[in-house]
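Colleague: Before we talk about interior packing and enclosed space, could you bring up the model and take me through the reasoning behind each label?

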Amino acid sequence: MIYQGNAITVARDDGDIATLTFDARGESVNTLSGATVTELGEAVDALKAETGLKGLVLASNKEAFIVGADITEFHGFFDKGEDYLVEMNLRVHDIFNAIEDLPFPTVAAINGLALGGGCEVTLTADFRVMADSAKIGLPETQLGIVPGWGGCVRLPRLMGADNAIEWIAGGTQNRADAALKNGAVDAVVPVDELAAAAHTLIQRASRGELDVASRRAEKTGPLKLNAIEQMMVFETSKGFVAGKAGPHYPAPVEAINVIQKGAGETRERAQQIEAQSFAKLALNDVAFNLVGLFMNDQAVKKRAGSYAKQAGDVAHTAVLGAGIMGGGIAYQSASKGTPILMKDIKADAVELGLQEARKLFGKQVERNKLTAAQMAEKLTNIRPTLSYGDFDGVDLVVEAVVENPKVKGAVLAEVEGQVDDGTILTSNTSTISINRLAQNLKRPENFCGMHFFNPVHRMPLVEVIRGEATSDAAVAATVAYARAMGKTPIVVNDCPGFLVNRVLFPYFGGFSQLVEQGADFQHVDKVMEKFGWPMGPAYLLDVVGMDTAVHANEVMAEGFPERMARDSKTAIQVMYDNDRLGQKNAKGFYAYEQDKKGKPQKVSDDQVPALLSEVVQGQSTLSDEDIIARMMVPLCMETVRCLEDGIVDSPAEADMALIYGIGFPPFRGGALRYIDAMGVAEFVRLANSLADELGPLYAPTDKLRQMAQENARFYAAE
Ligand code: NAD
């Protein structure tokens, strides 16, 4: 044994060839935590002291090679400031450079996922051999930082600046065939031939058949690009990448800057540049929030995983209603491999539902994600029907008929009579209380909400709503089914609007009040889009549909009259009264024209200001900052209330639900992270001042006031 640590061992395995194995004790995956990096330094020292070695293999004993640095340590590192971060990265560079400079050939044997720091450690080796099932990449820019352990330096030297920019700015996980084609790895083999292939590479290098010295010179010297090539590669890609990333995500463009600035430099100088840039980005709120988002996502997925573990089989399902949602649910289930019956009362509705599924599968075929034969097979997973004939043996039913409590109640009672005693029934209602719907059932314990978002195939969130009578088994089965459909389920308790719509409608309430105070709704849309929302509130209302919004508003006003009921007409009601339903009838706050692809494009409509004058009082002098506050405070306050009322269990779940369900700007981390960033005390001050003028929708709760006094946060220091 040359070295033995908790996460790393180094041993001679073939006489004069040593293997350094990553195998973190007691962990399911390898990460490059602070402690593991320290061990890596010790292991390299031990290797340097060892005599008679002819080569080194870097390997992993886990299913993944190394999934990256330990992201749970990041916030702690970020808090220590710029100098600390630069020093930290330079210390890691010293260790990685020492591997690169070992006096014998080195090979990384990439058996599984090698991401971030895990990929960077493989880049220190002279050669890389990769299992055909493995993936490799540098996803750091998705966390708002640049690769900081040599990725921006070694990858472009290995595979060319253009390929490296694509990998780094895109943050992609790349398959073995692509890695081989791009030159990131030297060979691809089946996983059980990996060790032998690595040894063969070392032996060939030792015999002089592979030129280690020139490989090292290439990796440690300047990038081979002349001035014109540099301009072409870097300036062109910056424009493209900036356009794609948008103004709120600086890391992808910064990564190109780092590669560019380091291009003509030595390894050490280029690493200095990388370290400085990493530290600068790490101190930005965007990186802090994106790292927080990653941890929240992990927490939410872990939670869902523990629910799903307790679930019975969900092998056969059914959806009632083949409309927009029912059709989408049938497609998603079929696409991910769970057979589903699709029942409607109208034959033409069933046909429309099937057509929609065919269209979506067809797009996958066009994009080469499916073959025509696979599409045909997946389509057989959807069994259209007009009767309950085949419903015995169904494990879970999703009701997605029209949003009417009487119709839903009748349909749920009817289907309960057609299925086995243990079948789980769920409703895709957007607003109707699950407890209320449960009153129609003989076995309410088998019932819960399963709230999908439109379009089902694209929106990642499913709210699973636990009613008072809902059993753990029903929640577990519904969570398991949502996961099997490739969705992220978040379990919430029952209340009008559940979590997501309960929070969204106060935001629309804020919008209505702004318009009524004379704000130009098109300007409000622009301000909120600049703030980071995928679409502004007027546009979003057009997409949701004014009929749906008015109906949901009524439900919310009935549920929370003290702050959501309005005694005067709203701007949304004005649109509805004038039959401006939004995209569905091509006129709402905007008018809609079809583009060449048949997609609705919004245009301004001169008639709208005149219609709105019915409710507009005066002209607004509000600044953009005022507009943001008037939109965001009611949304944030309702999120706080949902947490206080136990509708949602944790800040992580609340924030992820808003990001996945309504497109809350991810780089802001969610409503509660947004309050933390502003500071609870400052938020309370702002909310108080607005509540004086605009009413209880804006008022902070007593508990939040107390948090402000205690200097508390939603996310404890991480
Ligand atoms: P839709 O009008 O497009 O479809 C409803 C379908 O149900 C119609 O095809 C109708 O024929 C069918 N139907 C009516 N009675 C039936 C019965 N007894 N048995 C079987 N089928 C019956 O409506 P949608 O937009 O798909 O909405 C369905 C549900 O999903 C509603 O509860 C809605 O609130 C909810 N929802 C909608 C959205 C959205 O954006 N559209 C989002 C989330 C949730």
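Modeller: Helices and strands here are DSSP runs, a helix having at least four residues and a strand at least two, numbered from the N terminus; please keep in mind that this is a predicted model.

Colleague: Which helix and which strand each supply at least two residues of the lining of the largest cavity?

Modeller: Those are helix 13 (285–309) and strand 18 (488–493), with helix 13 giving the largest share, four residues.

Colleague: What makes that space a cavity, and which residues line it?

Modeller: A cavity is a set of points where a 1.4 Å probe fits but cannot get out, and a search of the whole structure finds one of 30 Å³ or more. About 40 Å³ of space lies in it, and its lining is made up of Val-300, Arg-303, Ala-304, Tyr-307, Pro-489, Ile-490, Val-491 and Glu-653.

Colleague: How does the lining divide into nonpolar, polar and charged residues?

Modeller: Six are nonpolar, none is polar and two are charged; Arg and Glu count as charged, so Arg-303 and Glu-653 are the charged pair in this lining.

Colleague: Why is the largest nonpolar core said to lie between two domains?

Modeller: Domain 2 (314–494) and domain 3 (501–581 + 608–709) both give residues to this core, so it lies between them. Of its 111 residues, Met-528, Phe-589, Met-632 and Leu-635 touch the most other members, while helix 27 (residues 624–644) contributes the most, eleven residues. Apart from this core lies another, of 87 residues, including Tyr-3 and Trp-149.

Definitions and conventions
Residues are numbered from 1 along each chain as its sequence is written. This is a predicted model: local features need pLDDT of at least 70, side-chain atom pairs count only at pLDDT 80 or more; totals for chains, interfaces and linings use all residues. Side-chain values use heavy atoms; hydrogens and water are left out. A nonpolar core is a set of buried Ala, Val, Leu, Ile, Met, Phe, Trp, Tyr and Cys residues joined through side-chain atoms within 4.5 Å. Buried means under 20% relative accessible area, exposed over 50%, partly exposed in between (1.4 Å probe, protein chains only). Domain bounds come from an automatic or database domain assignment. On a 1 Å grid over the protein atoms alone, a cavity is a set of points where a 1.4 Å probe fits but cannot get out, and a pocket is an open set with protein on both sides within 12 Å along at least five of seven lines; lining residues have an atom within 4 Å of a point. Grid points are joined across faces, edges and corners, and a volume is the space filled by probe spheres set on the points.
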